[in-house]
Amino acid sequence: MAPLLEVIHLVKHFPPAVGFFTAGQGTVHAVDDVSFAIEEGECFAIVGESGCGKTTTARLALLLEQPTAGSIKFRGEDVTTLRGKELHAYRRSVQAVFQDPYSSLSPRMKVRDIIGEPIEIHERLRGKELDRRVDELLDQVGLPQNAADRRPHQFSGGQRQRVAIARALSLSPKLIVLDEPVSALDVAIRAQVLNLLSDLQERLKLSYLLISHDLAVVEHMSDQVAVMYAGKIVEMSQPGRLLTDTATHPYSLALLSATPKPDPDIPMPEMIGGDVADPVNPPSGCRFHPRCPLRLELGSPAICSAEAPPEVDLAGTGRTAACHFRGAPVEAAPQPAPAGEPGY
């Protein structure tokens, strides 16, 4: 059986911007040869620092951008070639909840219209039937029915995001793209919204594509997680393994080491050196090699800068990593035996 959503060798390059201050800039390599699959009822997360290409990947899945190369399949059908009614049906099946509920909801519209407009357009509901549907959606996300007659500015940030979730649910989608759904919310509210999303996923059999830079959110929500750097997926794993194992991709280790620890006695990690890869001029070979501490420990082997690493299945771990050295811990070089003693 085909996955719900399958991304195959996806590429997105943006042409040089035209303008006085951008003259001479080259093509932006936002997404380069990315592949993954999302199963029915699964939450698949993509993590990485700002500018790594994770949001562009989400926009491609929503068909808000057209890929430069590669394909996106929904239940086995390539959606990049869809037109007319077929494209209409795909857009109904894949909805989104964006990062900032302050800007993703129209301040001029009442909540009843924000949630009801997609239903009115796609399902031709009117009057009491439409009102009843809106009330049901508000109840699903934990908002009272009288919220329908208020405008977004009358709600808190968490309540606004609940409205955005209700709007995403309005067309009964199969997949919801969650682009940093709680990063704009207070810490105390984040857990409530995440628990709501988990509950809705279980009750409505939803699948999620979760975009995040927060490893704690990923651990709470996801079934599979991909780590992205400079437009490429460098590691794919179950979240528990990614967050607890030590034999992993050097960039994943860098992300983990940068996560704040609650224990004040644990010393702060040494920050990873170097600059983030330039998407206009990405490094040759492994894109992480100019900043990779493992490469330095191994004596800067030439293969890191000469060849792009293949995606390697790490046997027995349930994950893959794109590293010439498979993310294995570096073993100390053997030391010569002291004079007068046999070596072992």
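Is Asp214 buried, exposed or partly exposed? With a relative accessible area of 23%, Asp214 comes out as partly exposed. Keep in mind that this is a predicted model. Here's a quick tour of its salt bridges, ring pairs, a couple of helices and some backbone oddities.

**Salt bridges**

- The count of salt bridges comes to 12.
- One of them joins the side chains of Asp32 and Arg287, at 2.5 Å from N to O. Asp32 belongs to strand 2 (residues 28–38) and Arg287 to the loop between helix 10 and helix 11, so this pair ties together parts 255 residues apart in sequence. Asp32 and Arg287 are both buried.
- Arg92 and Glu123 also meet through their side chains, with 3.2 Å from N to O. Here the link runs from helix 2 (residues 84–93), home of Arg92, to helix 4, home of Glu123, and the two are 31 residues apart. Arg92 is partly exposed at 25% relative accessibility, and Glu123 is partly exposed at 26%.
- Arg133 joins in as well: Arg92, Glu123 and Arg133 make up a network of salt bridges.
- Back to Asp214: its side chain forms a salt bridge with that of Arg190, at 3.6 Å from N to O. Asp214 sits in the loop between strand 8 (207–212) and helix 8 (215–221), while Arg190 is in helix 7 (residues 187–204), so the bridge ties together parts 24 residues apart in sequence. Arg190 is partly exposed too, with a relative accessible area of 24%.

**Aromatic rings and charges over them**

- There are five aromatic pairs in the structure. Among them, Phe36 and Phe44 are stacked, with 4.7 Å between centres and 10° between planes. Both Phe36 and Phe44 are buried.
- Tyr251 and Phe288 pair up edge-to-face, because their ring centres are 5.3 Å apart and their planes stand at 65°. Tyr251 is in helix 10 (residues 250–257) and Phe288 in the loop between helix 10 and helix 11 (293–297), so the pair connects parts 37 residues apart in sequence.
- Tyr251 and Phe288 are both buried, and ring pairs link them with Tyr229 into a cluster.
- Two rings have a charge over them: Lys12 lies over the face of Phe14, 5.0 Å from the ring centre, and the charged end of Arg150 sits over Phe155, 4.4 Å from the centre of that ring.

**Helix 5 and helix 6**

- Helix 5 (residues 127–140) runs for 14 residues and reaches 20 Å from its first C-alpha to its last, close to the 20 Å expected.
- Buried residues in helix 5 are Leu130, Arg133, Val134, Asp135, Leu137 and Leu138. Their cover includes helix 4 (111–123) and helix 6 (157–169).
- Ile165 lies in helix 6 and is buried at 2% relative accessibility. Beyond its neighbours within four places in sequence, Ile165 is in contact with Val97, Val141, Val193, Leu196, Leu197 and Leu200.
- Ile165 and Ile115 are 50 residues apart in sequence, with 9.4 Å from C-alpha to C-alpha.

**Positive phi**

- Most residues other than glycine have a negative phi, which is what makes the next two worth a look.
- Arg124 has a positive phi near 60°. Arg124 is in the loop between helix 4 and helix 5 and is exposed, with a relative accessible area of 63%.
- Ala230 has a positive phi of about 50°. Ala230 is in the loop between strand 9 (224–229) and strand 10 (232–237), and is buried at 16% relative accessible area.
- Gly142, just after helix 5, takes a positive phi of about 80°.

Note on methods:
Residues numbered from 1 in each chain as written. Predicted model: local features only at pLDDT ≥ 70, side-chain atom pairs only at ≥ 80, totals over all residues. Heavy atoms only, no water. Helix = DSSP H or I, 4+ residues; strand = E, 2+ residues; numbered from the N terminus. Expected span 1.5 Å × (residues − 1). Buried < 20%, exposed > 50% of the residue type's maximum accessible area, 1.4 Å probe, protein only. Contact = heavy atoms within 4.5 Å. Phe/Tyr/Trp six-rings, centres within 6.5 Å; stacked < 30°, edge-to-face > 60°. Lys NZ or Arg CZ within 6 Å of the ring centre and 35° of its normal. Salt bridge = Lys/Arg side-chain N within 4 Å of Asp/Glu carboxyl O.
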